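Please open the structure in your viewer and keep the selection tool at hand. This tour moves from one selection to the next and says, at each stop, what is there.

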Amino acid sequence: MGGLSKNSVYWGGYGVVMATALVAGCLAMASTTPLLVVAALAAVAAAMFPALWSPRTAHWIPAIVLATCAVSQVATFVFQGPVVGGAETWWLVESVALMVLVVPAVRRPRGRTALGLAVLLTATITELPLRMVLRVDPPATFAQAVKLCLAWLLLAAAANGIGCYLRVLDARGSAALAAERRAHRLELARDLHDFAAHDVTGVVVLAQAAQVLVDQDPKRVGELLTRIEEAGRQALSSLDRTVHVFTGDDAATVRHGPHAGETADAGGDALRPRPRDLGGLKALTDRFARTGGAAVRLDLADGALADLPRRVSELAYRVVVEALTNVRRHAPGASEVCIAVSRAPYGGMDTLSITVIDDAPDVGSGEDSGEPGESERLGGGTGLADLQRRAEDMGGELAAHPHPSGGWQVSVLLPLVASGPGSGDEQDRPNG
């Protein structure tokens, strides 16, 4: 638009329309009652006012509607005739302008205010024919006046209907936007819980181990401090990457970790998100072994990760992350974690099977041993319980319970065919 802002265009167009209307009104006043021309111009000015169409300036609408209706009512009950010189034309212009004004008056303000303005405008529009039919010579009959007023009432009702329809669309749009924002917040919360919290838990576990060894074996404390620093950098880098994924800032800068100071547009992998599907399983287990006290044994069957649907791979990866995080939190006595990944038939379908077993001492019910029981191991709404619901939505199942030989077992079965709500072509494409 040649550098012109949208607001300037609105007000420029408004000025042109009103200037044209004023010129026409001045020319018409020589042969038409000025009161009718003024009432029509006031209605046009209100209907065309750009602020009426902006939600941010909706607070102007009640005052504009009240002033416009006051002018129109005065014209209706003060005008004594005669109806000459194009008075009918200005009456029709005013009628159309008031009907246009009904739409934002019903659409924008709060409920009770919108209702009051709708009643006032409807009454004003319905009374408009009286100034014409009662001032002609000879005057119209009562039945004719009522019929014309009823016709204008129907037109006003149609304008109200349009305003109500747009109001409903606005409400639906606001609800959809709120739902989308909530979904983004929940997804961010899941990512922080599933990934960042995993690294933070490693920091906590190592710090607790350092506190125990500070008197027993001071030499090992230095080694633990190095591992704590590495785990802390991983946690901060995970936070940077998670925030980057949701902001979509291609030029965002990593503030922590080994790639601190690098940017995504530098051509490196500073902000390249860490794989959050089973393609990053080996790297995940290596990090866990480096920053935790338990060794990890990965039993990966041949072809188990071939052509996995993306949503299956991502959910399975989250399950493994959550299981390893729970080992750190609730099974400090575990010396080894075994992760088995394979394909298995289930319910007549080919499924991905993952089992995570730790060898922590028998937790029993959690009452006598001092170790967490099943309810604590399952976690809250963003832990295994949430992952269990998501697995069921995909047509699979997730179970977490004590292992017969001791320790704890988390197992998940996920069908490799699109199933359940949310299945889509984009989500079910093979990852990698």
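Begin by showing the side chains where two helices meet: Leu 315, Arg 318, Val 319, Glu 322 and Asn 326 of α10 are in contact with Leu 384, Leu 387, Arg 390 and Ala 391 of α12. Keep in mind throughout that this is a predicted model.

Now select both helices as a whole, and look along the pair formed by α10 and α12 (residues 384–393), which pack at an angle of about 160° with their axes 10 Å apart. Because angles over 145 degrees count as roughly antiparallel, α10 is roughly antiparallel to α12. If you turn the view so that one helix lies in front of the other, the crossing of α10 past α12 is a left-handed one.

Stay with α10 and select residues 310–330, whose end C-alpha atoms lie 30 Å apart; this agrees with the 30 Å that its 21 residues should span at 1.5 Å a residue. Much of this helix is covered, since 18 of the 21 residues in α10 are buried.

Next, select the strands, which form an open sheet of five in the order β1-β2-β3-β5-β4, with mixed pairing. At the edges you will find β1 (295–300) and β4 (397–402), each of which pairs on one side only. On average, and with direction ignored, neighbouring strands of this sheet are turned by 15° against each other.

Zoom in on β1 and β2 (residues 336–346), two strands that run parallel and are joined by six bridges. To see one such pairing, select Leu 298, whose bridge partner in β2 is Ile 339. Add helix α9 (residues 281–291) to the view, and you will see that α9 lies across β1 and β2, running at about 160° to β1. Bringing α10 back, you can see that this helix also packs on the sheet, where α10 touches β2, β3 (349–358), β4 and β5 (408–415), and that its direction makes about 175° with that of β5.

For the last stop, select α3 (residues 61–78) together with α4 (residues 87–107), which pack at an angle of about 155° with their axes 11 Å apart. That angle makes α3 roughly antiparallel to α4, and α3 passes α4 in a left-handed crossing. Finally, show the side chains at this contact, which is made by Ile 61, Val 65, Thr 68 and Ser 72 of α3 and by Glu 94, Leu 98, Leu 101, Pro 104 and Ala 105 of α4.

Conventions:
Residues numbered from 1 in each chain as written. Predicted model: local features only at pLDDT ≥ 70, side-chain atom pairs only at ≥ 80, totals over all residues. Heavy atoms only, no water. Helix = DSSP H or I, 4+ residues; strand = E, 2+ residues; numbered from the N terminus. Expected span 1.5 Å × (residues − 1). Buried < 20%, exposed > 50% of the residue type's maximum accessible area, 1.4 Å probe, protein only. Pairing = 2+ DSSP bridges. Axes fitted to C-alpha atoms, helices over the stretch in contact; angles between N-to-C directions. Contact = heavy atoms within 4.5 Å. Parallel < 35°, antiparallel > 145°, perpendicular 65-115°, else oblique. Left-handed = near helix turned anticlockwise from the far one by under 90°.
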